[in-house]
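Here is my note on the model you sent round. The points are numbered so that you can reply to each in turn.

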Amino acid sequence: CGLFGIWGHKEATELTYLALHSLQHRGQEGAGIVASNGEYLFGARGMGLLNEALSKEQLESLKEFPKSIGHVRYATRDSSALSNVQPFLFKSHIGDLGLAHNGNIVNALHIRRALEDEGAIFQTTSDSEVFAHLLRRAKGKDRKARIKKVLQQLKGAFAFMIMSENSLTIALDDHGVRPLMLGKKDDAYCVASETCAFQAIGADYIRDIEPGELITITDDGIDFDKYTDYENPNLCSMEYIYFARADSEFRGNSTYRIRKALGEELAKEMPVTADIVIGVPDSSLAAAKGFSDESGIPSEQGLLKNRYVGRTFIASGQEARERAVRMKLSPVRDIVEGKSVIVIDDSIVRGTTSKYIVRALKEAGAREVHMGVSSPPLKHPCFYGIDVSTHAEIIASNKSTEEVCEEIGADSLTYLSVDRMHDVYRKFGSRGQCDACFTGNYPIENIDGLLPQEK
Ligand code: 5GP
Ligand code: SF4
Ligand code: MG
């Protein structure tokens, strides 16, 4: 999912809308905005892409409000119903609560069952809703103390924006699995999942929010705190490899630069020569450039992308995914005909994309098709908010590289090694990265034991 919030700007809602637009790649199943007029919170949300989800009338109704948070939704486990679209808006006689979450709380089911047995009635099937119930029950000297108590009970991946009429609280879990960035537009602080949102609205990128941080923004200013002393940085490797936009920065390094370095490292590990290198647009173009620079093999645009088809991986259902890949990528016959080709993709999950690409390039006349993947073999499901699905659907979960190669029909297949991947991250100042979907070393225990749903 994608988050954006801004406090105290006369164009807050419009800026939130624009920022969400730049975060659309992080979620396409629903979008919403909650805004404060200083007395109450008001919300609007809908299903689908941002421009379908929010009508002009809805936006108009929030226009004058100077404080605003927004969310684009990427459903992993919960059903894609309107009730699960965020930000959530809760009303009570002690005040309103707006809530937006990116990640996955891995003990939400335990908490929910206990609360239900005490009489709580949940409105959604979302793991995020437990936060609101816990906060309403929490005891503490002030709001910040109560929020801290709630955060201390949660396990998993969570980047939160928590809004009241007169405050915006931002929290990141103690592993920092999902990215969260602090920025400033004119005199107003803002927060976003990725820095591309700041670029979109002309805001300054201040810094990455740290694991365990708790930031409170009010009309009086900004307060920096932590909700825990425990800190074990484990930023999601997939954010670098695939998920984030190429122009977004992490600790000042663009995702493009990091992906290019992953491609360079892959070239050092891939003992294949060929006539040309081709990247799978868009997310693998940086890695292909790095591969070409390092190997000296010229890069060409041998695959074209139809930009009007959404991200294939996010399409639900295998048939929809296959159709979308075919619609989305086509080979440039004139470039690949008679050539030996290295294709670089950033990852293989189900293998839908690579199977199609190998076949399409061969049909277009490529003599040989060698697959290079700028990440290690993906073998395990993710419990922290990225839909890499179940073991059964993951092509490499119990196949060797040779077997995967055979299944996708390539002449050879090379993955980047886990060690070289981490070398790259360290080089760019990473404080520690989650690699559980590659290694099976989960940094956070999956307490509820829920598996991602087959789709
Ligand atoms: P496959 O077609 O093998 O199931 O998925 C691989 C393709 O999906 C790659 O081209 C990659 O760019 C994209 N992809 C890889 N990992 C992820 C992910 O974690 N989330 C999303 N949304 N897309 C991914
Ligand atoms: Fe990211 Fe993989 Fe870790 Fe999930 S398991 S958070 S996709 S690195
Ligand atoms: Mg791709």
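**Notes on the model**

1. I begin with a loop residue. D186 sits in the loop that joins β9 (181-185) to β10 (188-192). Its phi is positive, near 55°, and D186 is not a glycine. D186 is partly exposed, because 14 other C-beta atoms lie within 10 Å, and the cut-off for buried is 20 or more.

2. A word on confidence. This is a predicted model. Mean pLDDT for the protein chain is 94, and 96% of the residues reach 70 or more. The scores are ipTM 0.90 and pTM 0.94. Where pLDDT is low, the predicted coordinates should not be read in detail.

3. R251 also deserves a look. This residue is not a glycine, yet its phi is positive, about 50°. R251 belongs to the loop between β15 (249-250) and β16 (253-254). Is R251 buried or exposed? R251 counts as exposed, because it has 11 C-beta neighbours inside 10 Å and the limit for exposed is 12 or fewer.

4. Two cis peptide bonds should be checked by eye. One runs from Q86 to P87, with omega near 0°. P87 is in the loop between β4 (67-73) and β5 (88-90). Another cis bond links P281 to D282, with omega near -5°. D282 lies in the loop that leads from β17 to α10.

5. That loop brings us to α10, residues 285-295. The helix is mostly covered, with eight of its eleven residues buried. These are L285, A286, A287, A288, G290, F291, S292 and S295. What covers them? The cover includes the helix α9 (255-269). It also includes the strands β17 (276-279), β18 (299-300), β21 (340-345) and β22 (368-373). Just after α10, G296 has a positive phi of about 80°.

6. Within α10, take F291. F291 counts as buried because it has 28 C-beta neighbours inside 10 Å. Which residues does F291 touch, leaving out those up to four places away in sequence? They are G263, E264, L266, A267, V277, I344 and G372. For scale, F291 and A12 are 279 residues apart in sequence, and their C-alpha atoms are 42 Å apart in space.

7. Now α4, residues 108-117. A108, I111 and R112 are buried in this helix. They fall on the same side of α4, because they cover an arc of only 100° around the axis. On the other side, R113, A114 and D117 are exposed. Note the two neighbouring arginines: R112 is buried, whereas R113 is exposed. The cover over the buried residues includes β6 (97-105), α5 (129-137) and α6 (143-153). Just after α4, G119 takes a positive phi of about 110°.

8. The record marks one position worth following up. UniProt, in an unreviewed entry, lists C1 under "active site". C1 is placed in the segment before β1 (2-7). How many other C-beta atoms lie within 10 Å of C1? There are 25, so C1 is buried. Beyond residues up to four places away in sequence, C1 touches R26, G27, H71, V72, R73, Y74 and N102. Please keep the status of the entry in view: it is unreviewed.

9. Next, the domains. The protein chain is divided into domain 1 (2-233) and domain 2 (253-439). Their C-alpha centres lie 33 Å apart. The contact takes 13 residues from domain 1 and ten from domain 2. On the domain 1 side, β6 and β7 (156-164) each supply at least two residues. Which element gives the most to that side? β6 does, with three residues. By residue type, the domain 1 side divides into five nonpolar, seven polar and one charged.

10. One link between these points. β6 gives the most to the side of domain 1 that touches domain 2. β6 is also part of what covers the buried residues of α4. I would view these two points together.

11. To sum up the backbone outliers to inspect. D186 and R251 are the two non-glycine entries in this note: D186 has phi near 55°, and R251 has phi of about 50°. The cis bonds are Q86 to P87 and P281 to D282.

Note on methods
Residues numbered from 1 in each chain as written. Chains lettered and ligands numbered in written order. Predicted model: local features only at pLDDT ≥ 70, side-chain atom pairs only at ≥ 80, totals over all residues. Helix = DSSP H or I, 4+ residues; strand = E, 2+ residues; numbered from the N terminus. Arc of directions from axis to C-beta. Contact = placed C-beta atoms within 7 Å. UniProt positions renumbered as here; feature names shortened; annotations may be inferred. Domains from an automatic or database assignment. Nonpolar A, V, L, I, M, F, W, Y, C, P; charged D, E, K, R; others polar. pLDDT = per-residue confidence, 0-100.
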